[in-house]
Amino acid sequence: MSAVIEVNPQEQLSLEPPSAGDSCLLIIFGASGDLTRRKLMPGLYNLACVGCMNPRFEVLGVGRTPMTSEEFRSRLRESTSKAGDTRDFSDSHWREFEGRLHYLAGDVNADQFYALLAGRLDEMQRGGSSLNRLFYVSTPASVAGPIVEGLARAGVNRSANGWTRIILEKPFGHDLNSALQLNEVVHKVFDERDIYRIDHYLGKETVQNILVFRFGNSLFEPVWNRNYIDHVEITAAETVGVESRGSFYEETGALRDMVANHLLQLLALTAMEPPIAFDADSVREQKVQVFRSIRPMTVDEVAQRTVRGQYGPGQAGGKPVPGYREERDVPANSVTETYVAVEFHVHNWRWAGVPFYIRTGKRLPRQVSEIRVHFKRTPQALFASTPYEQLGPNVITLRIQPDDGISIAFDVKRPGNQIRALTVDANFSYESAFGSKGPPAYETLLLDSIRGDPTLFTRRDEVEAEWRIITPIEEAWAKLPAPAFPNYAPGSDGPGDADALIRSNRHGDPRGDRHSWRPLADTSAAKRPG
């Protein structure tokens, strides 16, 4: 059963757009790719339509695909008009926007390309373009280092009369050593204050709201610790397979693709201590402290506290779908994981003894990203002689997607002359309360990078601390026997071993209470939490 939390009528206001960013020339490497079409261009179009773009904002797309600026604009018009993140698309707005878009074809691996880029930037500046430059490296991690070095050789990493910044897409390296090496390369060319390592989860409204919810409410802040919380469950599930990204996924896998960045960030925001101020360094420093409190696992610990999965062929959405090994650019004997579940522990005073269970995977029953904070049960002696002897635990669910919001599960008495309890949910939804889910993540992060606010981006030591957690797991998996893949069917909740991972009596409770994942196929908020 669910009850809706309503916002007071005077608070039900339209979301006001933030102030406009600086004038800027945004140079996108990988501009002919999927991310630019699906996320970056819809976000830029939205910002322009709500007045957040400076009149002297322009985009120079860089890609291997030969095309003119006019062809580039035509392609982006088609994709932007159909993108789910685009708001209020119209021909008139697009015509106003597309004049800002330009294109330069070239091979970023060729030394001579960067002289060509430098010449194009000089030409645009002579024509009145902004002296501020924002480079967006939307390419595989292996290409990021050579691009940064090419910018330095061409001397375009500095602007005499403006600022220069760079955005780097995840994954930032593929292990600790490669992340350290990439950091060294980037820091020779850019100052840390000008480096924006993007994790789009940090731009989502509910993720940003975690700190307000935790530290802004006296109802929750005092109980957010080991004395009251039993365990935390973090899920990021997708219904799709790897689609056309087989070669990328073979290099990455679910652990690097999702856990090494998105899900560890959610864990850190859930577990961090209160920062002294809501500014970039204060927030990021507390997140780093959480990562440093997660000890790297031994091979034996990895065997006990991690589960790998790979989807096989079957039915999804009523249609036959291939298994991962049948996807394009995937070897027939691949042991790359498309599902991973991990039990982490934060070894500090606040969280001693509280397990954090993380799971993510593809070809699961529904798309959902959420954090579920499970509180300890109250002593049940008061209800021992009633027909309902054991009440359920309280659970706070922070929903990140698709229905951004927060719900709180608690027990109430059923109407009648007997003491019978029923679990209900008090539910807050951004869309219901404000008439909008808020801006898409990339829209928020693009504007922050233009305005020079790094709060929602990851810092060098933060990235390295994440890899110090993840790399020992990858190294242990290389030593341990690979599971018998495929080991879960499309549309299932994942491999059965993931249930065994979480189903353990952590506190020696004689009642035998065991943890369990929330069933992914269950879309009802009223289901009793496990």
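## Strand β15 and its partners

In this predicted model, strand β14 (residues 368-375) is joined to β15 by 6 bridges, and the two strands run antiparallel. His374 has Val395 of β15 as its bridge partner.

β15 also pairs with strand β16 (residues 405-413), again in the antiparallel sense, over 5 bridges. Within this pairing, Leu398 stands opposite Ile406 in β16. The connection from β15 to β16 is a hairpin of 3 residues.

## Burial of β15

How many of the residues of β15 are buried? Strand β15, which spans residues 395-401, is mostly covered, with 7 of its 7 residues buried. In a regular strand, side chains alternate between the two faces of the sheet.

## The six-stranded parallel sheet

An open sheet of 6 strands follows the order β4-β3-β2-β5-β6-β7, and its pairing is parallel. Its edge strands are β4 (101-105) and β7 (195-198), each of which pairs on one side only. From one strand to the next, the twist averages 20 degrees.

Inside this order, β5 stands next to β6. Strand β5 (residues 133-137) and strand β6 (residues 164-169) run parallel and are joined by 5 bridges. Phe135 stands opposite Ile166 in β6. Strands of a sheet pair through backbone hydrogen bonds, in either a parallel or an antiparallel arrangement.

## A helix across the sheet

Which strands does helix α2 lie across? Helix α2 (residues 69-82) lies across β3 (57-63) and β4, and runs at about 115 degrees to β4. Of these two strands, β4 is an edge strand of the sheet.

Key: Residues are numbered from 1 along each chain as its sequence is written. This is a predicted model: local features need pLDDT of at least 70, side-chain atom pairs count only at pLDDT 80 or more; totals for chains, interfaces and linings use all residues. Side-chain values use heavy atoms; hydrogens and water are left out. Buried means under 20% relative accessible area, exposed over 50%, partly exposed in between (1.4 Å probe, protein chains only). Helices (H or I, at least four residues) and strands (E, at least two) are DSSP runs, numbered from the N terminus. Two strands pair if DSSP finds at least two bridges between them. Axes are lines fitted to C-alpha atoms, for helices over the stretch in contact, and angles run from 0 to 180 degrees between N-to-C directions. Contact means heavy atoms within 4.5 Å.
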